[in-house]
Structures are given as C-alpha cells and as structure tokens.
Amino acid sequence: MTATAPSGAAAPVLEVRHLTKVFTQGGLLSRRSVTALRDVSFALGQAEIVSLVGESGSGKSTIARIVARLDQPTSGTFLLDGRDVIAGEKRRASRAFRRQVQMVFQDPFGSLNPNQRISHFLERPLRLHGISRNRDEIRTRSEVLMTDVGLTADMLDSFPHQLSGGQRQRVAIARALAVEPKLILADEPTSMLDVSVRIGVLNLMRDLCDQRGISILYITHDLASARYLADRTMVMFAGEIVEEGPSMEVMARPSHPYTRLLTSAVPDPHRLHGFDPATRSELRAAVHVAMYGPGGKPDAPTPGTEVVQVSVGPDHRVRRREPVRASEVTPA
Ligand SMILES: Nc1ncnc2c1ncn2[C@@H]1O[C@H](COP(=O)(O)OP(=O)(O)OP(=O)(O)O)[C@@H](O)[C@H]1O
Ligand SMILES: [Mg+2]
C-alpha cells in the first residue's frame, strides 16, 4: 500500500518507496526464505509523529533497520529530504546520514554499555560528529541535553545501573538528540518501561517533535499509546501496510479487518462499534481473505484478484484485494 503524507503537509522528510525484504535462512539443503516486507511505501512529514503498529513478525523493525541503514533492502529504496539514500551511499551510511537519522531501541539497558558513565553516551556523539571539540563545551552541552530530557546534570556521573528504566530510556533519547537529528526511529521505546513512566517518555517525544521539529517513526504494539502520541497511524500485517490514516480516525473507524481485530482488543469509549468473540473469529477469517483472496496464500493470491488502495475518509486509506475489474482483464 502506498501511504503518503497528508495533503497540504510540507515535503516529506522520509519517503519510503516500494521496500521489499526477503531473508534467507538455513543451509544449502534447508534453505528457506521469509518475506519480511512486501512493497512497502509511505512518507513521513516534518515534525510529524507516525506510528507503525502490527503483530509480532509483521515487519515493523525491519523497516526501521533498513531506514537506519542497519540492513539492506532486497529491493526498493528510501529518500531523506528528497535524496535517494541507498543509491547515493550504496555500501555504508555516511556520517552525515547517521547524524540525520537516529534510532532509539526497546531495551534501554541493552543499548547502554554498563561500564560507562552516562556522560560517555552523550560526549561520544558530540565528539564523533564534530559538534564540539572543547571539553568544557562538551560538558555543558551534555548537561543541557540531560535537562532537555527531564534528567539532572549530576546524573552524568552515574552508571546505567544506577538509573531507573525510564531514566535510562531518557538517556538513550538524549544520546539520539546530541547529534540534532531530523528523524528518530523509536522501536518500541516504552514497551519495557513501567506503565507509570511510559507516559512521561511519550510526552517527551511529543515535545521533541513540537519544539525541535523532529519527525518520529514510533513503532509499538500498544494502540492506546499510538493514538495518544501519533498524528498518523500505519497498520502492518505480514509485511504490508494495510491501513493508514489520522490516528483517531484509524482507531475510531477501522476499515481493514486486521485493524478491526487489533482495535477490538483495546477498550475505547469512542469506538463506534462493539465486538463479541464470534465477530473476532469472523474477522480473523476476513483478514486472510482481505490479504490474499478466498483460498489464496501470501505467495499465491487468488487468481483474478488484485490489490487496490481505497480511500475511506480524509487521508485515510485501506489496502483491499478485489476481483480484477472486467475492463482490465485482457482476453486470452
Ligand atoms: N535477520 C533475520 N533473519 C531472518 N529472518 C528475519 C531476520 N530479521 C527478521 N526476520 C523475520 O522477518 C519478519 C519480520 O520481523 P521484524 O523483526 O521486522 O518484526 P516486528 O514486526 O518488528 O516484530 P516484533 O513486534 O516481534 O518486534 C519475521 O518473520 C522475522 O522472523
Ligand atoms: Mg520489532
């Protein structure tokens, strides 16, 4: 499905075009391939937060890893500020690219070396990217970064284990901010945090977007946080974006059966329709038909059907599989 920035928005910061990723596993005799992404396209505007939701294994992290240049796509590309990154930097990402795109991971402990003081995580990118070379200035900048993310300057001398999970995730965000990126890819940044501190980290991300104009791709399983934080939400199923639109719209009027299944699990006083277990099991069957057609499979969809993108509301699109229109069928 081709998702685009909402009409009227400035030129996108990130434009993902037709990304496909096939992983091959196993040896010569037991080779098996997994299609993690299938023709994924979307755009992210400046100072926009877009959430990517979907079940485990649907391909969310694969998108983030490709856009962070930690992985290569099998085909397709992406543009940053209108520049084709993969065509321009075939082998490895340039330092300039790494300054523009930063990633924040799920596990704030795993991403911080336990033997280093917090100051190290902020001073290193400042030095590496030549943002500052003067010791005192680096210290001052680090202190400002700490307060920017709601921590205190004296924590710079602590070790990661002396901080709480929420505080560590704030350090990871401060580290990303050190290089003044345009785009942050946040892969489940709050899922390992206590519910009570999640909201603080979500609010911090919203402030970064509003005050610094940073765009954020927010990957999550948690629909409630996507609705709370993200301007738009994209729903993934089996390597494809199946629905995309303003978060409130997608949650209140889910159109794709998979989105309906997802939203049916979230308590929502605003939802316009109710769900019972029978509906859920019907929806599960409907997901398969919507994806591949009756009796179809991922690599062998029902003959005579095609994927179409249907507009179901303002900036709200859904991927559907429909019979090929008679006018398009070429006589044998
Ligand atoms: N390095 C790899 N080698 C082989 N297969 C992989 C690799 N990385 C991901 N995959 C497969 O690609 C698919 C998508 O994985 P991905 O990690 O993107 O899912 P996800 O949506 O982030 O899931 P989760 O919500 O569990 O984090 C899965 O089927 C996964 O097994
Ligand atoms: Mg993941």
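In strand S9, Met236 is the bridge partner of Gly54. The model is predicted: local features need pLDDT of at least 70, side-chain atom pairs count only at pLDDT 80 or more, and totals for chains, interfaces and linings use all residues. Residues are numbered from 1 along each chain as its sequence is written, and chains are lettered from A and ligands numbered from 1 in the order in which they are written.

Strand S3 pairs with two strands, as tabulated below. Helices (H or I, at least four residues) and strands (E, at least two) are DSSP runs, numbered from the N terminus; two strands pair if DSSP finds at least two bridges between them.

| Partner of S3 | Residues | Bridges | Direction |
|---|---|---|---|
| S8 | 215-220 | 5 bridges | parallel |
| S9 | 232-237 | 5 bridges | parallel |

In S8, Ile219 is the bridge partner of Leu52. S3 spans residues 49-54, and 6 of its 6 residues are buried (20 or more other C-beta atoms within 10 Å of a residue's own, C-beta atoms being placed from the backbone). One side carries Ile49, Ser51 and Val53, the other Val50, Leu52 and Gly54, and both faces are covered.

Gly54 also belongs to the shell around ligand 1, which includes Phe23, Gln25, Lys60, Ser61 and Thr62 (C-beta atom, placed from the backbone, within 6 Å). Two or more shell residues come from each of strand S1 (14-25), strand S2 (32-44) and helix H1 (60-67). H1 gives the largest share, 3 residues. By class the shell has 3 nonpolar, 8 polar and 1 charged residues. Ala, Val, Leu, Ile, Met, Phe, Trp, Tyr, Cys and Pro count as nonpolar, Asp, Glu, Lys and Arg as charged, and the others, Gly among them, as polar.

Note on methods:
A residue is buried if 20 or more other C-beta atoms lie within 10 Å of its own, exposed if 12 or fewer, and partly exposed in between; C-beta atoms are placed from the backbone.
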